[in-house]
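This report describes how the parts of one model meet. The sequence and structure are shown first, and the description follows.

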There are 2 protein chains.
Amino acid sequence: MSKPAESNATILDVARRAGVSRTTVSRVLNEPDRVSKDTLQRVQDAATALNYSPNSFARSLRSGRTGVIALLVGDISQPFHGSLAQAVVEAAEERGFGVMLYDLGHSTARLEDVLRKLPRQGVDGMIIATADDVSTSSISDAVRECIAQGIAIVTGVEQFEVDGITSVRTDHREGARLAMEALASEGLTRPAILLGDRNGPIGKQLVAGAQGATVHEVGYTFDDAAAAVKILANDHDSLIVATLPMALGAMSALTRAGRSLPVVVCEEVPFAAQVTPAFSTSAVPPDETGREMVRLVDAVINSIPLEPRALHASLTRRESF
Amino acid sequence: MSKPAESNATILDVARRAGVSRTTVSRVLNEPDRVSKDTLQRVQDAATALNYSPNSFARSLRSGRTGVIALLVGDISQPFHGSLAQAVVEAAEERGFGVMLYDLGHSTARLEDVLRKLPRQGVDGMIIATADDVSTSSISDAVRECIAQGIAIVTGVEQFEVDGITSVRTDHREGARLAMEALASEGLTRPAILLGDRNGPIGKQLVAGAQGATVHEVGYTFDDAAAAVKILANDHDSLIVATLPMALGAMSALTRAGRSLPVVVCEEVPFAAQVTPAFSTSAVPPDETGREMVRLVDAVINSIPLEPRALHASLTRRESF
DNA sequence: TTGTAAGCGTTATCAA
DNA sequence: TTGATAACGCTTACAA
């Protein structure tokens with residue numbers, strides 16, 4: 001029986017055991033081609049025997065790379081961001097990255113803090129996934145600083161007026177447009193659209209896509225939407241709602257008022273299908289977005305030329321319309 | 001105007017500028033008391049002037065500490081884990097830790113992979129937050145290896161039969177018991193309880209707490225619960241359900257069958273209050289659990305003696321009962 | 001194909 | 001109170 005091998009072996013231990021220099025061991029790990037077949041074998045044997053694995057700090061210290069990307073989300077307690085994070089974590093792992101999670105709690109001050117801290121934290125790249133409007137000048141400064149430090153940045157929607165940022169190409173207008181068309185095709189031609197912030201990066205697109213709908217800017221929460229519904233004019237025949245929490249709020253207020261209206265939500269999460277009535281959605285699935293974000297950030301980190309992929313919204317009919 | 005100071009300054013740069021040695025600069029950062037007031041000031045000025053911040057890899061390389069904890073969750077797309085993660089991230093940050101996120105997708109194989117990888121990844125501690133039954137011997141081995149590597153481990157519920165693991169003291173029996181009592185106090189004395197796995201760490205406790213209820217082991221998903229409800233005997237007057245997705249599934253099937261039953265859910269998440277009807281819950285809020293987890297892992301990492309705090313379930317009446 | 005040796009930026013151990 | 005100096009474990013010119 002071999003010893004458990006506490007795995008604190010260093011590259012030097014492996015080198016000694018294989019009767020070679022550290023350089024050779026390092027080469028076996030990083031450029032196996034440059035090593036003779038024979039020594040390759042010997043080194044690999046020694047490595048496994050000692051249960052060796054490279055110290056990531058030492059490696060980072062030399063290479064400047066960490067193998068870590070930061071994921072900044074507006075609110076991880078929301079299913080949308082959870083689904084996104086799930087896809088990001090999975091895709092990142094496939095590419096050999098770990099993911100550090102930061103929750104912004106919808107606060108721009110918090111975002112700025114994180115941005116200021118990240119360069120010191122040592123991440124290769126970051127994904128900023130918030131639909132909030134975060135275009136202040138001090139945040140742009142912080143973002144610029146990150147880029148200057150060589151951190152790759154990917155956002156879910158065009159956010160900052162800063163060069164060197166890659167954004168996912170998601171056309172949210174399409175989501176709204178598809179919803180409008182579907183409603184219209186069943187004779188519902190007087191929809192209202194409820195959104196959190198008409199000047200936010202997503203809100204703008206929804207407004208553009210929902211030409212002809214009455215726009216109500218109500219805030220992002222369940223309560224916001226519930227309150228808004230109460231003062232909604234009676235001449236609407238249907239509702240388009242930006243997010244699932246808002247849709248739940250609207251639905252709840254509607255039910256409570258003894259009213260009922262066809263609803264389409266511009267956000268696709270598993271929960272949408274599980275509530276009663278199940279919500280029809282028109283959106284880009286968050287896992288697609290997440291995967292694309294990782295693909296992009298990986299490309300930027302490794303300076304691989306990229307062709308951002310266009311992500312499309314699709315309509316899923318369920319019970320709410 | 002001072003120069004932008006690209007922030008790539010090292011400790012040596014600061015030392016030179018302040019006219020001291022690196023040692024002194026390091027002391028200013030780590031043990032300010034051991035430095036004369038005068039030099040302290042000079043060094044700090046130099047540091048800010050150069051926009052200096054310590055390189056975290058070099059620091060980790062020397063100290064063996066990373067300031068990072070890993071959070072392993074069963075399924076981050078579920079609101080419960082999202083809320084938990086939110087609390088964990090916030091509490092961790094308060095204590096100076098960053099959080100790396102790992103999603104297990106309810107897979108034990110995946111858990112083992114992660115456990116095997118983490119010691120090389122360089123984390124000071126880890127929080128394992130899954131309600132799945134993961135007690136296999138190879139997983140216990142992997143856990144032991146982590147502990148041997150000096151990684152602090154905290155779990156949400158007693159999981160592994162391994163020494164050196166700290167668990168949050170949450171009494172899930174209490175959640176179930178409270179639900180039973182509340183139902184009984186309104187004359188509902190023949191409840192069924194729906195849970196995913198009666199041998200899982202949580203399932204066991206729920207069963208123990210719901211003495212007198214008929215136990216149905218149905219699986220963890222929406223569909224599982226929906227299917228189970230269809231074959232539920234007619235002589236039950238109420239339902240206790242382990243998770244929100246399951247509760248939604250049950251409710252959906254009930255509605256579809258034209259039936260209706262009082263329901264209490266043993267999981268508290270914001271969504272529970274937002275669906276229609278809003279669910280009554282009897283559980284420990286996930287953010288409390290998350291905060292406690294971080295408190296514990298921090299204590300273990302810094303070998304501070306700790307008194308695990310008992311977390312209590314509470315009943316919140318809403319519309320479903 | 002392999003090895004030598006110089007760092008990467010910190011912190012810890014001595015001395016002074 | 002301060003400072004030389006040696007690690008920490010790895011990568012990478014440059015030599016051999």
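## Polar contacts to DNA strand D

In this predicted model, A:Arg59 places a polar side-chain atom 2.9 Å from a phosphate oxygen of DNA strand D. Chain B also reaches a phosphate oxygen of this strand, through a polar backbone atom of B:Ser21 at 3.0 Å. A base is approached as well: a polar side-chain atom of B:Arg62 is 2.3 Å from a base nitrogen of DNA strand D.

The elements that contribute two or more residues to the surface near DNA strand D are helix 2 (22–30) and helix 4 (56–63) of chain A, together with helix 2 (22–30) and helix 4 of chain B. Helix 2 of chain A has the largest share, five residues.

## Surroundings of DNA strand D

DNA strand D is surrounded by 26 residues, of which A:Ile11, A:Tyr52, B:Thr24, B:Arg27 and B:Arg62 are the closest. B:Arg62 is thus one of the closest residues and also the one whose side chain lies 2.3 Å from a base nitrogen.

By class, this surface has eleven polar, eight nonpolar and seven charged residues. On the DNA side, sugar or phosphate accounts for 56% of the strand D atoms within 4 Å of the protein, and bases account for the rest.

## Extent of the interface between chain B and chain A

The contact between the two protein chains involves 52 residues of chain A and 51 residues of chain B. About 4300 Å² is buried between them, with carbon and sulfur atoms giving 56% of that area. Three residues, B:Phe57, B:Phe271 and B:Gln274, supply 15% of the area that chain B buries against chain A, more than any other three residues.

## Polar and charged pairs between the chains

Six salt bridges are counted between chain B and chain A. One of the salt bridges joins B:Glu93 to A:Arg110, whose closest N and O atoms are 2.7 Å apart. Across the same interface, 14 residue pairs are in polar contact, with both residues at pLDDT 80 or more.

On the side of chain B that touches chain A, the elements giving two or more residues are helix 4 (56–63), helix 5 (79–94), strand 2 (98–103), helix 6 (108–121), helix 7 (137–148) and helix 11 (244–256). Helix 5 of chain B gives the most, with seven residues. The residues on this side of chain B divide into 21 polar, 20 nonpolar and ten charged.

Helix 4 of chain B appears in both settings: among the elements that touch chain A and among those near DNA strand D.

Conventions
Residues are numbered from 1 along each chain as its sequence is written. Chains are lettered from A and ligands numbered from 1 in the order in which they are written. This is a predicted model: local features need pLDDT of at least 70, side-chain atom pairs count only at pLDDT 80 or more; totals for chains, interfaces and linings use all residues. Side-chain values use heavy atoms; hydrogens and water are left out. Contact means heavy atoms within 4.5 Å. Buried area is the accessible area (1.4 Å probe) that two parts lose on being put together, summed over both. A salt bridge is a side-chain nitrogen of Lys or Arg within 4 Å of a carboxyl oxygen of Asp or Glu. A polar contact is a pair of N or O atoms within 3.5 Å; within protein, one must be able to donate a hydrogen and the other to accept it, and residues adjacent in sequence count only if both atoms are side-chain atoms. Helices (H or I, at least four residues) and strands (E, at least two) are DSSP runs, numbered from the N terminus. Ala, Val, Leu, Ile, Met, Phe, Trp, Tyr, Cys and Pro count as nonpolar, Asp, Glu, Lys and Arg as charged, and the others, Gly among them, as polar. A residue is near a molecule or strand if one of its heavy atoms lies within 4 Å of it.
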